[in-house]
Amino acid sequence: MSGTRLMDEAEIRRAVTRVAHEILERNKGAEGVVLIGIAARGDDLARRLAAEIERIEGSQVRVGALDITFYRDDIGMRADAPEVHETRIDFDVNDRTVVLVDDVLFTGRTIRAAMDALVDFGRPTAIQLAVLVDRGHRELPIRADYVGKNVPTRRDEDVRVALREVDGEDAVLVQAPASSRMGEGA
Amino acid sequence: MNEHLLSIHDVSAEDIVRILDTAESFREVGTRVIKKVPALRGRTVVNLFYENSTRTRISFELAAKRLSADVINFSTSGSSVSKGESLKDTALTLQAMGADAIVIRHSSSGAPLTLTRWVHGSVLNAGDGTHEHPTQALLDLYTMRDRLGRIEGLRAAIVGDVLHSRVARSLSFALAKMGAEATLVGPPTLIPPDAPAWGVQVSHDLESVLPKLDVCYMLRVQKERQRQQYFPSVREYARLFGLTRDRVAALPEGALVMHPGPMNRGVEIDSDVADLPRSVIEEQVTNGIAIRMSLLYLLLGGSRTETGGADA
């Protein structure tokens with residue numbers, strides 16, 4: 001994958017460790033906390049956070065995966081129906097603190113959809129949000145509780161998170177928009 | 001994918017894999033406390049049934065409702081059709097009311113295709129004459145893949161009145177497309193002469209086929225076919241081609257018994273056979289909702305059917 005590297009493997013590892021600590025600090029331990037990652041990549045990050053929390057605190061937290069495709073607000077606006085991923089939440093979310101986990105926070109529309117999806121599974125005590133990268137440009141009144149790294153970007157830039165589990169390496173990359181890349185003759 | 005689903009020939013092998021994979025996610029939705037997602041909010045699905053079919057209509061209705069689409073059931077009795085309205089005028093009326101998809105069941109082969117000439121929305125064939133019943137074939141493939149882990153290389157027998165069965169046609173085409181080996185089994189009078197051209201084998205001896213099967217698919221036998229002299233008596237039919245307990249014992253371990261319903265217990269399938277653990281007939285019904293959700297989502301989830309044109 002090409003583009004400017006915003007975070008490398010070590011930085012991602014440190015960010016995950018710090019966010020795990022912050023989750024424990026804010027919630028006074030791991031009691032009643034569950035992690036739900038937004039597919040794809042948010043679920044891999046959620047598993048890493050759970051492993052870190054177990055290492056730090058010695059307690060296991062449940063991890064689920066949530067696909068938000070059916071809750072998108074742009075269905076019917078794209079040429080093809082968006083591709084669907086797996087949803088797997090095999091525990092009760094009622095009366096738990098759910099930490100939603102995603103790779104990049106951008107417009108906030110994905111998180112809006114995720115919250116709509118989540119309340120169909122039950123009524124959590126609280127929903128918190130953890131993201132690896134917050135790149136700004138919100139279109140909805142949503143903010144993250146835990147941020148791996150704040151990255152100022154241009155709206156038309158493309159920010160991508162690569163993870164070992166799916167992409168073979170850990171990295172956060174930013175790419176100039178396709179139109180200006182063509183201008184550069186790259 | 002095509003804009004309509006009229007026949008298994010409308011979908012490629014890759015399309016079928018995508019339909020089944022998407023159905024997997026919708027089956028998960030069916031296990032939630034709230035079995036409903038907002039994916040097709042604001043879309044209108046019309047069930048246009050010229051033939052009675054409670055189970056297929058309910059399955060489509062539930063599928064559309066679980067996607068948050070608005071559903072209108074238009075059945076021919078008690079409607080303008082019983083007053084003599086033609087298919088064309090009914091279609092134009094539904095079109096004028098803004099139907100995004102029309103699910104049609106008709107006794108005439110080709111009626112769904114004809115319908116596509118008059119409406120802008122997607123047309124889904126829910127069974128037309130003796131032609132095809134593609135959503136049934138897709139839910140059958142889903143059930144096979146779910147239970148047996150694959151479709152390619154599976155050996156399946158489709159047993160019974162193949163000649164009049166749109167299910168058998170769609171399923172034969174679908175199995176051939178996915179690389180499974182299908183064998184049609186029945187009396188010579190009920191096997192269509194052009195069957196070898198479907199990419200399937202033909203046999204008239206159920207017993208010899210059973211030991212090699214992964215799937216034994218029984219078709220419903222309509223008793224009125226006896227009056228039309230396709231077979232001498234229901235009893236003889238059951239004796240030669242009915243799935244009895246003895247015959248089930250000849251199936252390999254793990255082989256499935258399937259039936260599209262509604263069953264004639266004691267004719268094509270013995271009552272206690274239908275209730276065996278290897279009979280997945282109820283699972284077929286459950287999976288049917290997920291497959292129809294998948295199809296409605298894939299056909300209506302894009303912008304092509306939206307009035308007012310596409311935008312990015």
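# Exercises on a two-chain model

Of the 312 residues of chain B, 48% count as buried. The model is predicted.

**Exercise 1.** Work out whether the radius of gyration of chain B agrees with that of a compact globule.

*Solution.* Step 1: take the length of chain B, which is 312 residues. Step 2: for that length, a compact globule would have a radius of gyration near 20 Å. Step 3: chain B has 20 Å, so the value agrees with the rule. Step 4: add the extent of the C-alpha trace, which spans about 60 × 45 × 35 Å along the principal axes of chain B. Step 5: add the composition, 12 helices and 9 strands in chain B. Step 6: look at the contacts in chain B with a separation of 6 or more; 73% of them are between residues 24 or more positions apart.

**Exercise 2.** Describe helix H2 of chain B, residues 54-66, and find what covers its buried residues.

*Solution.* Step 1: count the residues of H2(B), which number 13. Step 2: compare the reach of H2(B) with expectation; from first C-alpha to last the helix covers 18 Å, close to the 18 Å expected at 1.5 Å a residue. Step 3: list the buried residues, which are B:Thr56, B:Arg57, B:Ser59, B:Phe60, B:Ala63, B:Ala64 and B:Arg66. Step 4: recall that an α-helix has 3.6 residues a turn, so residues three or four places apart point the same way. Step 5: identify the cover over the buried residues of H2(B), which includes helices H1 (13-29) and H12 (281-300) of chain B. Strands E1 (44-49), E2, E3 (101-106) and E4 (122-128) of chain B also belong to that cover.

**Exercise 3.** Which backbone feature does B:Ser68 show just after H2(B), and is B:Ser68 buried or partly exposed?

*Solution.* Step 1: most residues other than glycine have a negative phi, and most peptide bonds are trans. Step 2: B:Ser68 is not a glycine, yet its phi is positive, about 70°. Step 3: place B:Ser68 in the loop between H2 and strand E2 (70-75) of chain B. Step 4: B:Ser68 has 15 C-beta neighbours inside 10 Å and therefore counts as partly exposed.

**Exercise 4.** Describe the backbone at A:Ala40 and A:Arg41.

*Solution.* Step 1: A:Ala40 lies in the loop between strand E2 (33-38) and helix H2 (42-57) of chain A. Step 2: the bond between A:Ala39 and A:Ala40 is a cis peptide bond, with omega about -10°. Step 3: A:Arg41 is in the loop between E2 and H2 of chain A, and its phi is positive, near 90°. Step 4: A:Arg41 counts as buried because it has 21 C-beta neighbours inside 10 Å. Step 5: for a cis peptide bond in chain B, look at B:Gly261 and B:Pro262, where omega is about -10°. B:Pro262 sits in the loop between strand E9 (256-258) and helix H11 (271-274) of chain B.

**Exercise 5.** Which strands stand at the edges of the open sheet of 3 strands in chain A?

*Solution.* Step 1: write the order, E1-E8-E7, with antiparallel pairing. Step 2: E1 (4-7) and E7 (158-162) of chain A each have a single partner strand, so they stand at the edges, with one side of each left without a neighbour in the sheet. Step 3: the twist from one strand to the next averages 30°. Step 4: E7(A) pairs with E8 (residues 171-175) over 5 bridges; A:Val159 has A:Val174 as its bridge partner.

How values were computed:
Residues are numbered from 1 along each chain as its sequence is written. Chains are lettered from A and ligands numbered from 1 in the order in which they are written. This is a predicted model: local features need pLDDT of at least 70, side-chain atom pairs count only at pLDDT 80 or more; totals for chains, interfaces and linings use all residues. Two strands pair if DSSP finds at least two bridges between them. Helices (H or I, at least four residues) and strands (E, at least two) are DSSP runs, numbered from the N terminus. Axes are lines fitted to C-alpha atoms, for helices over the stretch in contact, and angles run from 0 to 180 degrees between N-to-C directions. A residue is buried if 20 or more other C-beta atoms lie within 10 Å of its own, exposed if 12 or fewer, and partly exposed in between; C-beta atoms are placed from the backbone. The expected span of a helix is 1.5 Å times one less than its number of residues. Two residues are in contact if their C-beta atoms, placed from the backbone, lie within 7 Å. The radius of gyration is taken over C-alpha atoms; the globule rule is 2.2 Å times the number of residues to the power 0.38.
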